[in-house]
Amino acid sequence: MRVRSHPQPTLAMAAANKIPLLLAAAAALSLAASAVAAAPGPRRRPVRMRLYMHDVIDGPGQTAIRLIWGAGPPHASMPGRAFGDTVAVDDLVTEGPSIASAAVGRAQGTYMLSSQREAVLVVAITVALTSAGGPYNGSNLVIAGRDRVRDETRELAVVGGTGALRGAAGYVLWRTAKVWSEIHMALELDVHASVPATADDDAVATE
């Protein structure tokens with residue numbers, strides 16, 4: 001008796017059988033990725049403020065103190081300055097460019113001459129809003145970034161906050177608003193940021 005042998009599947013046949021399964025898996029992954037991409041992220045509430053920070057480098061109302069001065073090599077484009085010069089600030093923040101404008105808080109932190117050739121400061125400050133007359137009283141806004149001081153407008157980052165500004169993110173358009181004297185300069189901080197929406201925000205949105 002002759003036993004008829006069944007042909008064994010070849011590697012090509014096995015691979016061909018797997019192609020539909022692979023295509024289905026790829027399609028499923030693509031649909032899942034599309035769903036994730038289309039899913040709305042957490043809602044955020046915009047924050048807009050225009051503040052003025054008063055830098056006073058000398059005199060009885062001094063708010064900016066030299067911590068490190070002249071320790072590094074002379075700066076290539078700023079006579080009398082040295083790479084690494086660092087200043088601590090506790091500047092008054094007001095509603096308008098005049099120091100007589102309503103006070104809304106303090107800007108506290110440091111700035112450092114961080115380029116050896118360009119007029120560039122690296123800024124790290126916290127704006128403590130103490131009497132803003134609005135929803136941000138008692139809140140802090142943290143700002144950091146590169147201040148190329150000879151540019152008309154510089155962009156720094158909003159990197160965080162506390163209180164009603166917890167989770168803040170965005171940017172600040174940083175400008176020299178007014179040079180009042182050799183020792184007093186007002187900086188404009190035009191804040192474009194957002195914070196996570198709260199249940200109270202959702203309630204207002206549905207009213």
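Two residues count as being in contact when they have heavy atoms within 4.5 Å of each other. Keep that in mind as we walk through this structure, which is a predicted model.

Let's start with Leu189. Leaving aside residues up to four places away in sequence, Leu189 touches Met49, Arg50, Leu51, Met53, Ile125, Val127, Ile143, Val172, Leu173 and Trp174. Leu189 also belongs to a bigger group: the largest nonpolar core has 33 residues, and Leu189 is among those with the most contacts inside it, along with Met49, Ile125, Val127, Leu141, Ile143 and Trp174. Where do the residues of this core come from? At least two each are supplied by β1 (44–56), β3 (86–94), β4 (103–113), β5 (120–129), β6 (140–148), β7 (153–162), β8 (169–179) and β9 (184–196).

Now for how some of these strands line up. The table shows four pairs, each with its number of bridges.

| Strands | Sense | Bridges |
|---|---|---|
| β1 and β9 | antiparallel | 13 |
| β8 and β9 | antiparallel | ten |
| β3 and β4 | antiparallel | nine |
| β4 and β5 | antiparallel | nine |

Strand β9 turns up twice there, pairing with β1 and with β8. You can find some of the partners by eye: Leu51 has Leu189 in β9 as its bridge partner, while Leu173 stands opposite Asp190 in β9. β8 and β9 make a hairpin, with four residues between them. How covered is β9? Mostly: eleven of its 13 residues are buried.

Over at β4, there are partners to spot too. Val87 has Tyr111 in β4 as its bridge partner, and Leu113 is matched with Leu121 in β5. β4 and β5 make a hairpin as well, with six residues between them.

Back in β9, have a look at Glu188, which is found in that strand. Is Glu188 buried or exposed? Its relative accessible area is 12%, and the cut-off for buried is under 20%, so Glu188 counts as buried. What does its side chain do in there? The side chain of Glu188 makes a polar contact with the side chain of Tyr52 at 2.8 Å, and another with the side chain of Arg175 at 2.6 Å. Besides Tyr52 and Arg175, Glu188 touches Arg50, Leu51, Leu173, Trp174 and Ala177, again not counting residues up to four places away in sequence.

Strand β1 has a buried residue worth finding too: His54 sits in this strand. Why does His54 count as buried? Because its relative accessibility is 0%, and anything under 20% is called buried. Its contacts, not counting residues up to four places away in sequence, are Thr63, Asp91, Leu92, Thr94, Gly96, Pro97, Ser98, Ile99, His184, Met185 and Ala186.

Finally, the empty space. Rolling a probe the size of a water molecule over the atoms shows where empty space is left. In this model, the largest pocket has a volume of about 670 Å³. Its lining is made of 27 residues, and the closest to the pocket's centre are Asp55, Ile57, Tyr111, Leu121 and Met185. Which strands help to line it? β1, β2 (64–68), β4, β5, β8 and β9 each supply at least two residues of the lining. Some of these names have come up before: Tyr111 is the bridge partner of Val87, Leu121 is the partner of Leu113, and Met185 is one of the residues that His54 touches.

Terms used
Residues numbered from 1 in each chain as written. Predicted model: local features only at pLDDT ≥ 70, side-chain atom pairs only at ≥ 80, totals over all residues. Heavy atoms only, no water. Core = buried A, V, L, I, M, F, W, Y, C linked by side-chain atoms within 4.5 Å. Buried < 20%, exposed > 50% of the residue type's maximum accessible area, 1.4 Å probe, protein only. Polar contact = N/O pair within 3.5 Å; in protein donor to acceptor, adjacent residues only side chain to side chain. Pairing = 2+ DSSP bridges. 1 Å grid on protein atoms, 1.4 Å probe; cavity = no way out; pocket = protein on both sides within 12 Å on 5 of 7 lines; lining within 4 Å. Points joined across faces, edges and corners; volume = space filled by probe spheres on them.
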